[in-house]
Amino acid sequence: MRYSNYFIPTLKEVPAEAEIASHKLMLRAGMIRKLASGLYTYLPLGLRSIRKVEAIVRQEMNRAGAIELLMPIVQPAELWKESGRWDQYGKELLRLKDRHGRDFCLGPTHEEVITDLIRKNIRSYRDLPINLYQIQTKFRDEIRPRFGLMRAREFIMKDAYSFSATEESLDEIYQSMYKAYCNIFERCGLDFRPVEADTGSIGGHASHEFMVLAETGEDDIACCTSCSFAANTELAEVKTDGRGREPFTPGNESLKKIETPDKKSVEQVTQFLDKKAKELVKTLIFLADQKPVAALVRGDHELNEVKLKKVLQADRLEMAGPDVVEKITGAPVGFAGPLGLPSSVRVVADSSVAYMKDFVAGANEQDAHFVGLNWKRDLEPPEVHDIRVITPDDPCPRCGGTIEIKRGIEVGHIFKLGTKYSEAMGATFLDNSGKERPIIMGCYGIGIGRTVAAAIEQNHDERGIIFPVPISPFEVIVSVINVKDREMLSWAEKLYDGLSCKGIEVLLDDRDERPGVKFKDSELIGIPIRVTVGKKVIKEGVVEVTDRKTMETRLVSVDNVIDEIESMLK
């Protein structure tokens, strides 16, 4: 491909709308252009990378035994009402009507459509298992689209859905998808971790996220330095170490109520009372399906709302507003505590709270806190669960090793759905004894554009993108120093033709531009290898070969350069 005939509208300045590296660089490198909020046109350079990710995904999915199909993006409301998600999904589901007034939506995912297909075509256990996938556009009406392709409203996704007669069969497919995903992201050249994760709004009883490690990641991942344990902090189990102590053992301090004027935060209260954060119990008031709940965590810990919601088995969990807090506790926000709460309030404490004694907590009275609070003596022990976020101070829940918290970008997610959708929508099969049973499902998604963006987040420098070879738009760029020099251009074209004959994807920069402009553009675009054809090719028969990742440049004979490049690309 000749640069002069291609469409690569690079930008010198960073667009004001861009916040993170991938968004800035994809705009500057001429890979994408914004149409409207969360909507992007994939320009030729960006599309080439996306198609390469798609090709890797297809190869690995096919190798794992999945079968490709393609479903409509517009979906009838009736299916979503059957599954119960028409109202549950919320405003991210873009609803519309056709000319006859019938309700439809733009598909954010395809569980309903694929389940409808299967229930109409699968009858017997002999037809199972089957795993179907598509690579297709999705639409989710995000409340705040941002970060370019990282959180767009319209995006390309690979979604697969498996159907099994037994849990053992689901486990086999799940493991095959887990392996396929590892292969996909390894082949894309990414540093990633599979992590245990929450199933979220899709539902199910087990899932793993595939996280590309990057400082700009939106998710926190707890990783063990000694074993393979890795989990999203939303899910990571915390093993509370009582160190041989009995829970709820009272201390020796006497209970006192202390005035704490305008001291509401943990930092303010502990500083005023000359206490440590770990000596204070935070009492957080929530509404779980509109019923009041007090969640207790240590002052130096963070409540995990995902865990709390699961403990409460609530469909909806929300932090109580100031008016509700005052109505329940009798005090403004910042002064709630476990002593004196109404009996109608369910109290749930984190496991670490059970080992606290002589602790500080709000007095359910404005400008007042208790000190010297103790379980059994002053308070009945509450129900105890793991409801907090894991920290680097906690041991690994698997091996007891050291935990590190890393940032990650979710690029893939696999779920064991079970029978959530098949039961709701009547997708059944006859087992070998003739009994009708719900089909057991799994689902497996990969964000295609998001994978490209995550690769850029992980691979860039001050000059621009550093693409991993497998997903780079081109593998080599041949830059001609002076296109008006016929001999120099002739050498560049010979090299271009020779590389192309070897199956290497080459971009020939034949623009009539200054060398500095060409070099800056090649570094911005991030093509792995640059070959510079200048005067030395005429005088000495050599060209400059530059590795984009290391920026190391060396002179290579034109007779050996193609072999050298083939070796570098391996």
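A residue counts as exposed when its relative accessible area is over 50%, and glutamate 462, at 70%, is therefore exposed. Keep that cut-off handy for the salt bridges further down. This is a predicted model, and here is a quick tour of two of its sheets, one helix pair and some of its charged pairs, starting with an open sheet of 5 strands.

**The five-stranded sheet**

- The strand order in this open sheet is 28-27-29-30-31, and the pairing is mixed.
- Strand 28 (506-509) and strand 31 (553-557) sit at the edges with a single partner strand each, so one side of each has no neighbour in the sheet.
- Going from one strand to the next, the twist averages 25 degrees.
- Inside the sheet, strand 27 (residues 476-480) and strand 29 (residues 529-533) run parallel and are joined by 5 bridges.
- If you want a spot to look at there, valine 478 stands opposite valine 531 in strand 29.
- Helix 13 (residues 515-525) packs on this sheet and touches strand 27, strand 28 and strand 29. The direction of helix 13 makes about 165 degrees with that of strand 29.
- Helix 15 (residues 561-569) packs on the sheet too, touching strand 27, strand 29, strand 30 (542-547) and strand 31. Its direction makes about 135 degrees with that of strand 31.

**The three-stranded sheet**

- Another open sheet has 3 strands in the order 4-6-5, with antiparallel pairing.
- Here the edges are strand 4 (74-76) and strand 5 (95-97), each pairing on one side only.
- The twist in this one averages 40 degrees from one strand to the next.
- Strand 4 pairs with strand 6 (residues 103-106) over 3 bridges, in the antiparallel sense.
- Glutamine 75 has cysteine 105, in strand 6, as its bridge partner.

**Helix 1 against helix 11**

- The axes of helix 1 (residues 21-28) and helix 11 (residues 448-458) come within 8 Å, crossing at roughly 105 degrees.
- That makes helix 1 and helix 11 roughly perpendicular to each other.
- On the helix 1 side, the contact uses Ala21, Ser22, His23, Leu25 and Met26. Helix 11 answers with Val452, Ala453, Ile456 and Glu457.
- Sorted by class, this contact has 6 nonpolar, 2 polar and 1 charged residues.

**Salt bridges**

- Searching the whole structure turns up 46 salt bridges.
- One of them pairs arginine 398 with glutamate 196, with the closest N and O atoms 2.8 Å apart.
- Arginine 398 lies in the loop between strand 20 (383-385) and strand 21 (403-418), while glutamate 196 belongs to strand 9 (residues 192-196), so this pair ties together parts that are 202 residues apart in sequence.
- Arginine 398 is partly exposed, with a relative accessible area of 46%, and glutamate 196 counts as partly exposed at 25%.
- Arginine 463 forms a salt bridge with glutamate 462, and their closest N and O atoms are 3.5 Å apart.
- Within that pair, arginine 463 is partly exposed at 36% relative accessibility, whereas glutamate 462 is the exposed residue from the opening, at 70%.
- Aspartate 509 and arginine 511 also form a salt bridge, with the closest N and O atoms 2.9 Å apart. Both aspartate 509 and arginine 511 are buried.
- Finally, Arg51, Glu54, Arg58 and Glu68 are joined into one network by salt bridges that share partners.

Definitions and conventions. Residues are numbered from 1 along each chain as its sequence is written. This is a predicted model: local features need pLDDT of at least 70, side-chain atom pairs count only at pLDDT 80 or more; totals for chains, interfaces and linings use all residues. Side-chain values use heavy atoms; hydrogens and water are left out. Two strands pair if DSSP finds at least two bridges between them. Helices (H or I, at least four residues) and strands (E, at least two) are DSSP runs, numbered from the N terminus. Axes are lines fitted to C-alpha atoms, for helices over the stretch in contact, and angles run from 0 to 180 degrees between N-to-C directions. Contact means heavy atoms within 4.5 Å. Angles under 35 degrees count as roughly parallel, over 145 as roughly antiparallel, 65 to 115 as roughly perpendicular and the rest as oblique. Ala, Val, Leu, Ile, Met, Phe, Trp, Tyr, Cys and Pro count as nonpolar, Asp, Glu, Lys and Arg as charged, and the others, Gly among them, as polar. A salt bridge is a side-chain nitrogen of Lys or Arg within 4 Å of a carboxyl oxygen of Asp or Glu. Buried means under 20% relative accessible area, exposed over 50%, partly exposed in between (1.4 Å probe, protein chains only).
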